[in-house]
Amino acid sequence: MDRILRALTALVILLAPLSVGAYIESAALPAPYDDLSPAANAARLAGDDFRYYNSAGTDAGYLAKDRSVFLALGTDAGDPLPPFTLAKDQLRILLFLGKGTKLPGGLSIGGPGADIVRVFGPVYPLGRADVYDNEPRTGMYTENTHTFRRGEAFRCYTLTYFDRSGRYLQFLVDRKTKTIAAAAAWQSPSLSRPDAAAADALSRWGLWRLLRPEEAGGAPLAL
């Protein structure tokens, strides 16, 4: 059965359309996240750096104790057909959240958004797949807005890059400060909406409050 599931997963990767990504030479991550295999993730969670956060569907979330990094991993439960269910400890998405956290290409959270383009190449609108699916060192971007419960809005550019190994890198750039607010990494076909993967994960796991605590609002009732 495991052999069949692995074969199906490989088939989905091969058939997945490339028009939802972008074309760069490599979207590999720097250490200590250069290896995100289930075995490496299991060893990572056995250490002291991460704690269990919550579960959502067939995924389990783990947050670094310093709140700088978040991992969503498969639990090997539920619908057995890929890509909806991941093997135990297989990565769904990795989020970089803490200011100063190191990112691929020598970038860091809080650094200039312009450095993303300098390192990985220019980004084109979502509809220009004719460019970013075919020309090396190109990516795609969208303009997005997240509204907090108090009505405060966070406006950002979402820059997404993709390599031919099916690895994605995504950066949220604050449109007001032009700095990197967060970043995400994953490998297809674990997500169905690559252009909104980071924002969707932040909402799904209730993590926006870590990025913008001053706008989260709503303190608990004190009796």
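## The turn at K178

In this predicted model, K178 lies in the loop that connects β8 (167-174) with β9 (180-187). The backbone of K178 has a positive phi of about 60°, although K178 is not a glycine. Is the residue buried, partly exposed or exposed? K178 has a relative accessible area of 45%; this value falls between the limits of 20% and 50%, and therefore the residue is described as partly exposed.

The loop also has a place in a wider arrangement. Strands β8 and β9 form a hairpin with five residues between them, and K178 belongs to the turn of that hairpin.

## Strands β8 and β9

The two strands of this hairpin pair in the antiparallel sense, and seven bridges connect them. Two of the facing pairs can be located by name. F171 stands opposite A183 of β9, while the bridge partner of L169 in β9 is A185.

How much of each strand is covered? In β8, seven of the eight residues are buried, so that the strand is mostly covered. In β9, likewise, seven of the eight residues are buried.

## Neighbouring strands β7 and β4

Strand β8 also pairs with β7, which comprises residues 153-162. These two strands run antiparallel and are joined by seven bridges. In this pairing, T160 stands opposite Q170 of β8. Strands β7 and β8 form a hairpin with four residues between the strands, and there G166 takes a positive phi near 80°.

Strand β9 has a further partner in β4, which comprises residues 91-96. Three bridges join β4 to β9, and the two strands run antiparallel. F96 stands opposite A183 in β9. A183 thus appears in two pairings: it faces F96, and it also faces F171.

A reader may follow these connections in order through the structure. Strand β7 is joined to β8, β8 is paired with β9, and β9 is joined to β4.

## The loop between α4 and β6

A second positive phi at a residue that is not a glycine is found at R137, with a value of about 55°. R137 is located in the loop between α4 (129-132) and β6 (139-147). Its relative accessible area is 43%, and R137 is therefore classed as partly exposed.

T138 is found in the loop between α4 and β6 as well. Is T138 buried or exposed? The relative accessibility of T138 is 3%; because this lies under the cut-off of 20%, the residue counts as buried. A polar atom of the T138 side chain lies 2.6 Å from the backbone oxygen of E135.

## A129 and M140

A129 is placed in helix α4. With a relative accessibility of 18%, A129 is under the limit of 20% and therefore counts as buried. How far apart are A129 and M140 in sequence and in space? They are separated by eleven residues in sequence, and the distance from C-alpha to C-alpha is 7.9 Å.

## A cis peptide bond at P32

Another backbone feature concerns the peptide bond from A31 to P32. This bond is cis, and its omega is near 10°. P32 is situated in the loop between α1 (2-15) and α2 (38-46).

Terms used: Residues are numbered from 1 along each chain as its sequence is written. This is a predicted model: local features need pLDDT of at least 70, side-chain atom pairs count only at pLDDT 80 or more; totals for chains, interfaces and linings use all residues. Side-chain values use heavy atoms; hydrogens and water are left out. Buried means under 20% relative accessible area, exposed over 50%, partly exposed in between (1.4 Å probe, protein chains only). A polar contact is a pair of N or O atoms within 3.5 Å; within protein, one must be able to donate a hydrogen and the other to accept it, and residues adjacent in sequence count only if both atoms are side-chain atoms. Two strands pair if DSSP finds at least two bridges between them.
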